[in-house]
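Work through the following exercises with the sequence and the structure open beside you. Try each task before reading its solution.

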Amino acid sequence: MPDWVQDAIWWHVYPLGATGAFPHPDPGGDGSRLLRLLPWLDHVVELGANGLLLGPVFASSTHGYDTVDHFRIDPRLGTEEDFDRLVAACRERGLRLLLDGVFNHVGREHPAFRAVLREGAAAPAAGWFRLRWPSGDGPGAVPVHDDFEGHSDLVALDHANPAVADLVVDVMTHWLARGADGWRLDAAYAVPPERWAPVLTRVRERFPDAYVVGEVIHGDYPATVAASGMDSVTQYELWKAVWSSLNDTNLHELAWTLQRHDALLETFAPFTFVGNHDVTRIASRLDDERHLPHAVAVLMTVGGTPAVYAGDEHAFRGVKEERAGGDDAVRPPLPPTPADLSPLGLPTFHLHQQLIGLRRRHRWLHRARTTVLHVENARLVLESRATDGEGRLLLALDLTGTGGELPAPGASAVLAGAGELRGGPDGGRVLLPPHGWAVLAG
């Protein structure tokens, strides 16, 4: 993993939605909607983050994941020159840039697949796809193609074909040369991990400091990282445990998952989050809004490379639904500038600032190991330690309506949240208010 990733905290934005390009392009669109993100870069800096993770920006038919040209910025967003301006603006502010690489599949309108539909198996790029020809393979014959999870408009690429590997290498290196710092590999789990390894080896021959994180939802995370050569994968297990344990008043679930998370950190730093473009907003997911700070506090005090989904820092609401258009509510347009945001979100913004600032002052949290010191259904105390023993923080959570004392051995100060430190024979305790939380210096 590149050294710079230790300090990376990402602000994740879905450009097609955030700029009003999809699903309903605003009538005043000027074709350079990507530049609408420029006023938000200072917001990212003010938040305390130092990286911009962009959802799909390449030419596509609809939502960005049905790519038709990996080498061209989506015309709804603008031009390659607009992308260059965004890169330059990020550089001026010290922001790293991560791109979303949709390489498992392409859209049906991709020129290579359109050629297959015209020319049959003789099309030059027919080998890019996993095809079957039930009625012959001549010109005009309609093949049956593998797709992504039953979505026939998303035509699966055959990553066993060297030409597909060449395509992915060419795309990744093209945009890294143009200023990107790394890639999120969309649906990385749908490609055998060993197929990624030679591709990433070739990419890193030219760009050794590129960061690559794969979208992986279930399965053996360490084995996937080892076989693929990726630096990290998305930590969906922790995402689920955070909101589920808070909603169910079952912090044993979170405690158990953090043991698994701790084991992952032996081999890699997971990509952590409590919200993204594919899931219900954390402010909507939680049954009790008083527990939103608890979720953010966990994210910012355990090991990993954290990301904040654009709008979550202002407690945006939005529920994902399993239907056509079901993602729209969690991918809304951003207002023209941060100054246009409702002041109702400012307390959540200040919460994120406080906790991101705390994390950046404790750089060792990136690879910290977390131990459960105390757990009940509704109360939890975590200890995060630096791998070299030179740093220690405690996080205490209370989901009850009464509050109460929790063990806080060695705690010397309240760094975030609210709590009253008290002495005791076990080395210290902290009194939390109802539904309270506190990060404590060790």
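## Charges

**Exercise 1.** In this predicted model, find how far apart the mean positions of the positive and the negative charges of the chain are.

*Solution.* Begin by counting the charges, which gives 39 positive and 57 negative ones in the chain. Then take the mean position of each group and compare the two places, which lie 1 Å apart.

## Overall form

**Exercise 2.** Decide how the radius of gyration of the chain relates to the value that the globule rule gives.

*Solution.* Start with the elements of the chain, which has 12 helices and 23 strands. The radius of gyration is 23 Å, and the globule rule gives 22 Å for 442 residues; the two values are close, so the chain is as compact as a globular protein of that length. For the extent along the principal axes, the C-alpha trace spans about 80 × 45 × 40 Å.

## The interior

**Exercise 3.** Describe which residues have the most contacts inside the largest nonpolar core, and which helix gives the most to this core.

*Solution.* As a first step, note that 59% of the 442 residues count as buried, where buried means under 20% relative accessible area. The largest nonpolar core has 136 residues, and W11, F129, M172 and W183 are those with the most contacts inside it. Helix α5, residues 162-177, gives the most to this core, with 9 residues. Apart from this core lies another one, of 10 residues, including L394 and V430.

As a last step, look at F129, which, when residues up to four places away in sequence are not counted, touches V106, A112, F113, V116, V155, A156, L157 and D158.

Technical notes. Residues are numbered from 1 along each chain as its sequence is written. This is a predicted model: local features need pLDDT of at least 70, side-chain atom pairs count only at pLDDT 80 or more; totals for chains, interfaces and linings use all residues. Side-chain values use heavy atoms; hydrogens and water are left out. Helices (H or I, at least four residues) and strands (E, at least two) are DSSP runs, numbered from the N terminus. The radius of gyration is taken over C-alpha atoms; the globule rule is 2.2 Å times the number of residues to the power 0.38. Buried means under 20% relative accessible area, exposed over 50%, partly exposed in between (1.4 Å probe, protein chains only). Lys and Arg count as positive and Asp and Glu as negative; His and the chain ends are not counted. The place of a charge is taken as NZ of Lys, CZ of Arg, CG of Asp or CD of Glu. A nonpolar core is a set of buried Ala, Val, Leu, Ile, Met, Phe, Trp, Tyr and Cys residues joined through side-chain atoms within 4.5 Å. Contact means heavy atoms within 4.5 Å.
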